[in-house]
Amino acid sequence: MSLLREEMFEIDRRATEIHKIRPILLMENVALGIFNEINKYDSYTIVCGNGNNGGDGVALARHLLIDKRDVDIFIMGEPQSEELIENLEILRTFTNNIYKLNEEEDLVKLVDSLEVNEVTVDCIFGIGLCRDVRGIFEKVIEEINRHSNYIISIDIPSGVEANTGEVLNTSVIANETMTVYEIKKGMVDNELCGKVTTIYLGVPGL
Ligand SMILES: NC(=O)C1=CN([C@@H]2O[C@H](COP(=O)(O)OP(=O)(O)OC[C@H]3O[C@@H](n4cnc5c(N)ncnc54)[C@H](OP(=O)(O)O)[C@@H]3O)[C@@H](O)[C@H]2O)[C@H](O)CC1
Ligand SMILES: [K+]
C-alpha cells in the first residue's frame, strides 16, 4: 500500500479533529519511533526546515541528546509550525548547538558538521514540499549529498514530490528513509529513498 499526500493529511485531520489527539503528540510518536530505529550511532547532524518535517527532527534531537549522543541542529528559515516552535523551546534547554542556516556563509559550519558526524538526518521538507527547491535550500541539499557520511531522511527525501516521485529541481539522496505511517506514492520503487522503514504514528487509518 502507498498513500497520496492528501490521504496522509486526511488521516492527520481525523486524528486531531475526531479523536482529539493533539499534533504535538503525533510528532512525539514519530520522533520516538525514529529514535528507536537510529540511535545506534554516536554523532548526528540534523538539518531542519521550518514546517512539521523540521519539527520531527527537533523532537528527535532531544531524545538523542538525552541518550548522550553528539548532535548539531541546523534550522532553515523562520519556524512556521507551532509544534516545531514548541519543540525548539524545549530543545534550547538541552543544548546550545542549534544553528541558523539561511545564508551562504552558514554553509561552512554545516559542511564541517556533516563531515565530522556519522549520520546526517534530513528533515528539510516532507510531504509539504510544494514547489521547486531553489536558492539556499538547493545549496544545502547539494552539500548534504556531497559531504555526509550516511544520510537518513525523515518521511521522504527532501526534494522528492510525495505524490509523483518527481525531483523538484534537486533532492537529497538518502541511504535510508524513515517514513511516517505508510510509504507515499512517490516513494514506490524510488532509489532516492534507500532502505525504507515505516514509523508508527499512533492514529487510525481511513
Ligand atoms: N500525520 C502526519 O503525517 C504527521 C506528519 N508529520 C511530519 O510533518 C510533515 C509535513 O509537515 P508540513 O508542515 O505540512 O510540511 P513540511 O514540513 O514538509 O514543509 C512545509 C514547509 O516547507 C516550506 N516549503 C515547501 N516547499 C518549499 C520550497 N520548495 N522551498 C522553500 N520552502 C518550501 C513551506 O513554506 P510555504 O512558504 O509554502 O508555507 C512550509 O513552511 C510530514 O512530512 C512529517 O514529516 C508530523 O510530525 C507528525 C504527523
Ligand atoms: K525529509
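Ile-152 is buried, since 27 other C-beta atoms sit within 10 Å. The cut-offs here: 20 or more other C-beta atoms within 10 Å of a residue's own make it buried, 12 or fewer make it exposed, and anything in between is partly exposed, with C-beta atoms placed from the backbone. You'll find Ile-152 in strand β5; helices (H or I, at least four residues) and strands (E, at least two) are DSSP runs, numbered from the N terminus. Keep in mind that this is a predicted model, where local features need pLDDT of at least 70, side-chain atom pairs count only at pLDDT 80 or more, and totals for chains, interfaces and linings use all residues. Residues are numbered from 1 along each chain as its sequence is written, while chains are lettered from A and ligands numbered from 1 in the order in which they are written.

Setting aside neighbours within four places in sequence, Ile-152 is in contact with Ile-38, Val-119, Val-121, Asp-122, Ala-174, Asn-175, Glu-176 and Met-178. Contact means that two C-beta atoms, placed from the backbone, lie within 7 Å. Take Asp-122 from that set: Ile-152 and Asp-122 are 30 residues apart in sequence, yet 6.1 Å apart in space, C-alpha to C-alpha.

**The annotated site**

Asp-122 also turns up in the UniProt record, where an unreviewed entry places the feature "binding site" at Asn-53, Asp-122 and Ser-158. These three are spread over 106 residues of sequence but cluster in space, the largest C-alpha distance being 9.5 Å. UniProt positions follow the numbering used here, feature names are shortened, and annotations may be inferred rather than shown by experiment.

Asp-122 is part of strand β4 and counts as buried because it has 32 C-beta neighbours inside 10 Å. Its contacts, again leaving out neighbours within four places in sequence, include Val-47, Ile-144, Ile-152 and Ser-158. Asn-53, for its part, belongs to helix α3 and is also buried, with 26 C-beta neighbours inside 10 Å. Not counting residues up to four places away in sequence, Asn-53 touches Cys-123, Ile-124, Phe-125, Gly-126, Gly-128, Ile-154 and Asp-155.

The same unreviewed UniProt entry type lists residues 8-206 for "domain: YjeF N-terminal". Over residues 8-206 the chain is 37% helix and 17% strand, with the end C-alpha atoms 9 Å apart.

**Around ligand 1**

Ligand 1 is surrounded by 30 residues, and the closest are Asp-12, Gly-51, Asn-52, Gly-126 and Gly-128. A residue is near the molecule if its C-beta atom, placed from the backbone, lies within 6 Å of it. The elements giving two or more residues to this shell are α1 (5-17), α2 (23-38) and α3 (52-66), and α3 gives the most, with five. By type, the shell divides into 14 nonpolar, eleven polar and five charged residues. Here Ala, Val, Leu, Ile, Met, Phe, Trp, Tyr, Cys and Pro count as nonpolar, Asp, Glu, Lys and Arg as charged, and the others, Gly among them, as polar.

**Core and helix α5**

In soluble globular proteins, nonpolar side chains tend to be buried together. The largest nonpolar core has 56 residues, and those with the most contacts inside it are Ile-46, Cys-48, Ile-73 and Val-140. Such a core is a set of buried Ala, Val, Leu, Ile, Met, Phe, Trp, Tyr and Cys residues joined through C-beta atoms within 7 Å. The largest share of this core, six residues, comes from α2.

Beyond its neighbours within four places in sequence, Val-140 is in contact with Val-47, Met-76, Leu-101, Leu-110 and Ile-124. Leu-110 sits in helix α5 (residues 107-116), where Leu-110, Ser-113 and Leu-114 are buried. They cover an arc of only 100° around the axis, which puts them on the same side of α5; the arc is that of the directions from the helix axis to the C-beta atoms. The face turned away from that buried side carries the exposed residues Val-108 and Glu-115. What covers the buried residues of α5 includes β1 (43-48), β2 (70-75), β4 (119-123) and α6 (135-147).

**Loop residues**

Two residues other than glycine have positive phi values:

| Residue | Phi | Loop | C-beta neighbours inside 10 Å |
|---|---|---|---|
| Asn-169 | near 85° | between β5 (151-154) and β6 (176-180) | 13, partly exposed |
| Tyr-181 | near 75° | between β6 and β7 (195-199) | 22, buried |

Lys-40 lies in the loop between α2 and β1 and is exposed, with 8 C-beta neighbours inside 10 Å.
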